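The following exercises are to be worked through with the sequence and the three-dimensional structure at hand. Each task is followed by a solution in steps.

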Amino acid sequence: MAGPRRKARTVALQALYEIDTTSHEPGTVVSRLIGEERLTPEAARYAETLVRGVLEERERIDAAIARAAPAFPVDQLAVVDRNILRLAIYEMLRHNEVPIRAVVNEAVELAKTFGSDSSSRFVNGVLGSISATLTR
């Protein structure tokens, strides 16, 4: 059984994907997905925090992706991969209580579940490059 943070990350990824591909209002998307997945209040708050944070920091996060993977323009990445990276980078930069290794592992698991056959390797490589520049 997945823990509350894993469920929160999954909902956050689904929300970010929908927001990235539609004109749906972020708050409405997150609320609907939280209800559908029946998240605990703790997990719901974490999912909301992740989505809000990624949206607020998207420019900074996308710049980090562009530096770490210059051969892959951010706007041309697969939507799932792009949003897994955004989610993980936000957690790496803003949620110091979560070890970087755990963030990377969770992102790789999301990539295995929702991405293509090569997503997990790509996500791991980009996040490995970014984590090497962070000190915690």
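A residue is called buried when its relative accessible area is under 20%, exposed when that area is over 50%, and partly exposed in between. The model examined here is a predicted one.

**Exercise 1. Determine whether Arg-9 is buried or exposed, and identify its surroundings.**

Solution.
Step 1. Locate the residue: Arg-9 belongs to helix α1, which covers residues 4–21.
Step 2. Apply the cut-off. The relative accessible area of Arg-9 is 6%, so this residue is buried.
Step 3. List the contacts. Leaving aside residues up to four places away in sequence, Arg-9 touches Tyr-46, Leu-50, Leu-87, Glu-91, Val-98, Glu-106 and Leu-110.
Step 4. Consider the charges. A network of salt bridges links Arg-9 with Arg-6, Glu-91 and Glu-106.
Step 5. Examine Tyr-46 further. The charged end of Arg-5 sits over the ring of Tyr-46, at 4.1 Å from the ring centre.

**Exercise 2. Describe the overall architecture of the protein and compare its radius of gyration with that of a compact globule.**

Solution.
Step 1. Count the elements: the protein has 7 helices and 0 strands. The order from the N terminus is therefore written α-α-α-α-α-α-α.
Step 2. Take the dimensions. The C-alpha trace spans about 40 × 30 × 30 Å along its principal axes.
Step 3. Make the comparison. For 136 residues, a compact globule would have a radius of gyration near 14 Å; the protein has 14 Å, so the two agree.
Step 4. Add the burial: 46% of the 136 residues are buried.
Step 5. Turn to the contacts between residues at least 6 apart in sequence. Of these, 70% join residues at least 24 apart.

**Exercise 3. Establish which residues of helix α4 are buried and whether they line one face.**

Solution.
Step 1. Name the buried residues. In helix α4, residues 58–68, they are Ile-61, Asp-62, Ala-64 and Ile-65.
Step 2. Look down the helix axis. The buried residues fall within an arc of 155 degrees, and therefore they line one face of α4.
Step 3. Inspect the other side of α4, where Glu-59 and Arg-67 are exposed.
Step 4. Identify the cover. The elements that cover the buried residues of α4 include α3 (41–56), α5 (79–94) and α7 (119–131).

**Exercise 4. Survey the salt bridges and place three pairs in the fold.**

Solution.
Step 1. Begin with the total: the whole structure contains 12 salt bridges.
Step 2. Take Arg-86 and Asp-62, whose closest N and O atoms are 2.8 Å apart in a salt bridge. This pair links distant parts of the chain, with Arg-86 in helix α5 and Asp-62 in helix α4, 24 residues apart. Both Arg-86 and Asp-62 are buried.
Step 3. Take Arg-94 and Glu-57, whose side chains form a salt bridge with an N to O distance of 3.1 Å. Since Arg-94 lies in helix α5 and Glu-57 in the loop between α3 and α4, the pair ties together parts that are 37 residues apart in sequence. Arg-94 has 42% relative accessibility and so counts as partly exposed.
Step 4. Take Glu-36 and Arg-32, which form a salt bridge with their closest N and O atoms 3.2 Å apart. Both lie in helix α2 (residues 26–37), 4 residues apart, which is about one turn of the helix. Glu-36, at 49% relative accessibility, is partly exposed; Arg-32, at 37%, is partly exposed as well.

**Exercise 5. Classify the aromatic pair formed by Phe-72 and Phe-122.**

Solution.
Step 1. Recall the cut-offs: ring centres must lie within 6.5 Å, and planes over 60 degrees apart count as edge-to-face. The count by this rule is 1 aromatic pair.
Step 2. Apply them. The ring centres of Phe-72 and Phe-122 are 5.1 Å apart and the planes stand at 70 degrees, so the pair is edge-to-face.
Step 3. Place the partners. Phe-72 is in the loop between α4 and α5 and Phe-122 is in helix α7, 50 residues apart, and the pair links distant parts of the chain.
Step 4. Assess accessibility. Phe-72 counts as partly exposed at 44% relative accessibility, whereas Phe-122 counts as buried at 17%.

**Exercise 6. Explain what is notable about the phi angle of Arg-38.**

Solution.
Step 1. Recall the general rule: most residues other than glycine have a negative phi.
Step 2. Compare. Arg-38 is not a glycine, yet has a positive phi of about 50 degrees.
Step 3. Locate the residue: Arg-38 lies in the loop between α2 and α3. With 74% relative accessibility, Arg-38 counts as exposed.

Definitions and conventions:
Residues are numbered from 1 along each chain as its sequence is written. This is a predicted model: local features need pLDDT of at least 70, side-chain atom pairs count only at pLDDT 80 or more; totals for chains, interfaces and linings use all residues. Side-chain values use heavy atoms; hydrogens and water are left out. Buried means under 20% relative accessible area, exposed over 50%, partly exposed in between (1.4 Å probe, protein chains only). Helices (H or I, at least four residues) and strands (E, at least two) are DSSP runs, numbered from the N terminus. The arc is that of the directions from the helix axis to the C-beta atoms. Contact means heavy atoms within 4.5 Å. Rings of Phe, Tyr and Trp (its six-membered ring) pair if their centres lie within 6.5 Å; planes under 30 degrees apart count as stacked, over 60 as edge-to-face and the rest as tilted. A charge sits over a ring if NZ of Lys or CZ of Arg is within 6 Å of the ring centre and within 35 degrees of the ring normal. A salt bridge is a side-chain nitrogen of Lys or Arg within 4 Å of a carboxyl oxygen of Asp or Glu. The radius of gyration is taken over C-alpha atoms; the globule rule is 2.2 Å times the number of residues to the power 0.38.
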